[in-house]
Amino acid sequence: MSKKELLLKLIPEQGILPLYFYKDTDVSLQVLKALYNAGIRTVEYTNRGEAALQNFKKMREMCDAEFKDMYLGIGTIKNGQMAQTFIDAGADFIICPGLVEEVATVCDKNDMLWVPGCMTPTEIIRAENLGAKMIKLFPGNILGPEFMSAIKALFPDLLFMPTGGVDLDKDNIAKWLKSGVCAVGMGSKLVSKQLLEEKNYSKIEELSKQALEILKSLKNG
C-alpha cells in the first residue's frame with residue numbers, strides 16, 4: 001500500500017485531523033508529543049508564519065526518532081514552490097486552503113496526497129478532475145453540514161473533511177459525520193491560542209483524547 005493510500009485510510013479511521021502552528025519550536029514539538037500521547041497518528045502543521053519551515057523540520061526529526069508511526073502533513077500551502085519545499089522537508093501530505101492546480105502537479109509528481117480546500121460544487125468538480133481523492137470543506141463554519149448533505153450524492157468517490165468551525169462537541173461532530181464527511185479538521189477548538197501560550201500540554205492531550213473518544217463512540221454507536 002502506498003503512503004497516499006495509507007493516509008486515505010488512516011485519516012478517516014482517526015476521524016479527526018488536528019492542526020496547529022506556533023512560532024516557538026519547542027512549543028510546536030511539545031504539542032506534537034501531547035497529540036501523540038493522546039493517540040493521534042496523523043497531524044497537520046500549518047504554514048502560517050516565518051518559523052513554520054524550521055519548526056516543521058524539527059518536528060520531522062522528532063517523528064523519525066521517536067514517533068515512527070506518526071504522519072506529519074503541512075497545511076496552508078498556496079503554490080507549487082511552497083509544496084516542493086515542504087515535500088523536501090519530509091511532509092507526508094499537503095493541504096491547501098483553496099484549489100491550487102500547481103500544487104496538484106507537484107504532489108502528483110512526488111506521488112503525494114494533496115487535499116485542496118473547496119467551497120463550491122464547481123471547485124470540487126475541478127479538484128476531482130485533477131485527481132483529488134479527499135476534499136477539505138473550507139470554511140466549514142460557513143458551509144455547514146447541510147452543504148455536505150446536499151452535495152454528497154454528486155461525489156460518491158470523494159472523501160470530505162470540514163475544517164474551520166468544528167466544535168469539540170458530540171452533537172456538532174455527529175451532525176458532520178451524519179452529513180457524510182469522513183473526518184473533521186480541528187484547529188483552535190482543540191489546540192487553542194490560549195493553551196499554546198500557557199504551554200498547557202496536558203490539557204491539549206486531554207482534549208485530544210476526548211475528541212478521539214467522541215469519534216469512537218459515534219462510529220460505534
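**A helix pair and a pocket**

In this predicted model, helix H7 passes helix H8 in a left-handed crossing. Two packed helices are described by the angle between their axes and the distance between the axes. For H7, which spans residues 140–151, and H8, which spans residues 170–179, the packing angle is about 45° and the axes lie 7 Å apart. That angle makes H7 oblique to H8, because an angle that is not under 35 degrees, not over 145 and not within 65 to 115 counts as oblique.

The contact itself can be followed residue by residue: on the H7 side it involves Gly140, Gly144, Pro145, Met148 and Ser149, and these meet Lys175, Trp176 and Ser179 of H8. Sorted by class, the residues of this contact comprise 3 nonpolar, 4 polar and 1 charged.

From the helix pair, the reader may turn to the empty space in the model. Rolling a probe the size of a water molecule over the atoms shows where empty space is left. The largest pocket holds about 420 Å³ of space, and it is lined by 24 residues, of which Leu19, Tyr20, Arg48, Gly187 and Ser188 are the closest to its centre.

Several elements contribute to that lining, with at least two residues coming from each of strand S1 (16–20), strand S2 (42–46), strand S9 (184–186) and helix H9 (193–198). H9 gives the most to the lining of the largest pocket, supplying 3 residues. In chemical terms, the lining of the largest pocket divides into 9 nonpolar, 9 polar and 6 charged residues.

Technical notes: Residues numbered from 1 in each chain as written. Predicted model: local features only at pLDDT ≥ 70, side-chain atom pairs only at ≥ 80, totals over all residues. Heavy atoms only, no water. Axes fitted to C-alpha atoms, helices over the stretch in contact; angles between N-to-C directions. Helix = DSSP H or I, 4+ residues; strand = E, 2+ residues; numbered from the N terminus. Left-handed = near helix turned anticlockwise from the far one by under 90°. Contact = heavy atoms within 4.5 Å. Nonpolar A, V, L, I, M, F, W, Y, C, P; charged D, E, K, R; others polar. 1 Å grid on protein atoms, 1.4 Å probe; cavity = no way out; pocket = protein on both sides within 12 Å on 5 of 7 lines; lining within 4 Å. Points joined across faces, edges and corners; volume = space filled by probe spheres on them.
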